[in-house]
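This briefing goes through a protein model one topic at a time. Please keep the sequence and the 3D view open while reading.

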Amino acid sequence: MVLGAFFSIMLNEGPLQPFLPSRGIRQGDPLSPFLFVIMAEGLGRSLSQAVQTSQLKGIKVAHQGPTVTHQQFVDDTMLMGTPTVKEARTFNKVLSTFTEASGIKIYLTKSKLFFFNTSIHVQRNLSKILKIQRNSLPTKYISIPLSEYAPKATTWEDLLNKMKARLISWTHRALNMASRLVLVKLVLQAMPAYMISALVAPKSVYKSIRNIQRSFL
């Protein structure tokens with residue numbers, strides 16, 4: 001006899017009668033990301049606990065800043081640590097515990113390792129322990145360009161070209177001022193918002209964005 005998942009609600013420090021779900025969540029359901037975020041919080045807490053018990057050292061972006069071990073964006077997680085065997089084995093242990101508890105499978109083939117100021121011998125050794133292939137910068141993470149250097153104006157060229165491409169499909173249409181204003185606010189101002197929230201843009205990029213918006217308006 002094969003039994004599916006069942007649930008029980010905790011009330012007054014005790015579980016109520018278990019019950020079976022009548023329907024599941026389909027792929028693409030709007031509720032799925034929220035449930036995953038709640039579950040992924042367990043991974044974040046496990047990593048934080050590993051730092052408190054000195055199993056993980058993590059990294060510090062600033063000299064006086066806090067210790068950072070991970071960054072999470074919905075179903076993507078970026079792990080950060082010092083390039084040591086102890087650190088790599090601790091990451092393996094935490095991830096193994098998380099997969100057993102949650103039932104989530106980690107696709108190591110889709111994961112990549114990035115090293116900074118680390119010898120090739122150490123890189124190969126840690127890559128073998130983590131079973132993750134090495135990669136090099138520059139690259140993209142969740143559509144955000146990543147580089148070991150500060151972002152330059154050329155980093156934003158693709159975004160500026162996409163904004164100009166939008167104008168090509170709009171300029172031949174007869175639009176009044178109110179319609180143009182709506183397109184500027186809802187589209188041209190929204191397009192760069194994601195990258196600006198993650199990267200510091202040079203002043204020349206802000207000027208180019210304003211010029212594109214102003215010229216269309």
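## Salt bridge and overview

A search of the whole structure, which is a predicted model, turns up one salt bridge. The points below begin with that pair, then turn to a helix, a surface patch, some backbone features and one loop residue.

**The salt bridge**

- The partners are Glu41 and Arg45, whose closest N and O atoms are 3.4 Å apart.
- A salt bridge requires a side-chain nitrogen of Lys or Arg within 4 Å of a carboxyl oxygen of Asp or Glu, so a distance of 3.4 Å meets the cut-off.
- Both residues belong to helix α1 (residues 31-52), and because they are four residues apart there, about one helical turn separates them.
- Glu41 has 38% relative accessibility and counts as partly exposed, while Arg45, at 59%, counts as exposed.

**Helix α4**

- Helix α4 covers residues 157-171, which is 15 residues.
- From its first C-alpha to its last, α4 reaches 21 Å, close to the 21 Å expected at 1.5 Å a residue.
- Which residues of α4 are buried? They are Leu159, Leu160, Met163, Leu167 and Trp170.
- Viewed down the axis of α4, these buried residues fall within an arc of 100°, so they line one face of the helix.
- The buried residues of α4 pack against three other helices: α5 (177-188), α6 (193-198) and α7 (203-216).
- On the face of α4 turned away from the buried side are the exposed residues Lys162 and Ile168.

**A nonpolar surface patch**

- Phe7, Ile9, Leu11, Leu16 and Phe19 make a nonpolar patch of about 480 Å² on the surface.
- One of these residues, Phe7, is found in the segment before β1 (10-11).
- Phe7 counts as partly exposed, with a relative accessibility of 45%. Partly exposed covers the range between buried, under 20%, and exposed, over 50%, so 45% falls in it.

**Backbone features**

- Most residues other than glycine have a negative phi, and most peptide bonds are trans.
- Where is there a cis peptide bond? A cis bond joins Leu137 and Pro138, with omega at about 0°.
- Pro138 sits in the loop between β8 (133-134) and β9 (139-141).
- Ser54 is not a glycine, yet its phi is positive, at about 65°. The loop between α1 and β3 (59-60) holds Ser54.
- Is Ser54 buried or exposed? At 51% relative accessibility, Ser54 counts as exposed.
- Lys131 also has a positive phi, about 60°, although it is not a glycine. Lys131 is placed in the loop between α3 (120-130) and β8.
- Lys131 has a relative accessibility of 64% and counts as exposed.

**Thr155 and its contacts**

- Thr155 lies in the loop between β10 (144-146) and α4.
- With a relative accessible area of 23%, Thr155 is partly exposed.
- Which residues does Thr155 contact, leaving aside its neighbours within four places in sequence? Thr155 is in contact with Pro145, Met195 and Leu199.
- Thr155 and Leu199 are 44 residues apart in sequence, and their C-alpha atoms are 9.9 Å apart in space. Contact means heavy atoms within 4.5 Å, so the C-alpha distance of this pair is not the distance that decides contact.

Note on methods:
Residues numbered from 1 in each chain as written. Predicted model: local features only at pLDDT ≥ 70, side-chain atom pairs only at ≥ 80, totals over all residues. Heavy atoms only, no water. Helix = DSSP H or I, 4+ residues; strand = E, 2+ residues; numbered from the N terminus. Buried < 20%, exposed > 50% of the residue type's maximum accessible area, 1.4 Å probe, protein only. Expected span 1.5 Å × (residues − 1). Arc of directions from axis to C-beta. Patch = residues over 30% accessible without salt bridge, like charges linked within 9 Å, V, L, I, M, F, W, Y side chains within 5 Å. Areas by Shrake-Rupley, 256 points an atom, 1.4 Å probe, with all protein chains shown as cover.
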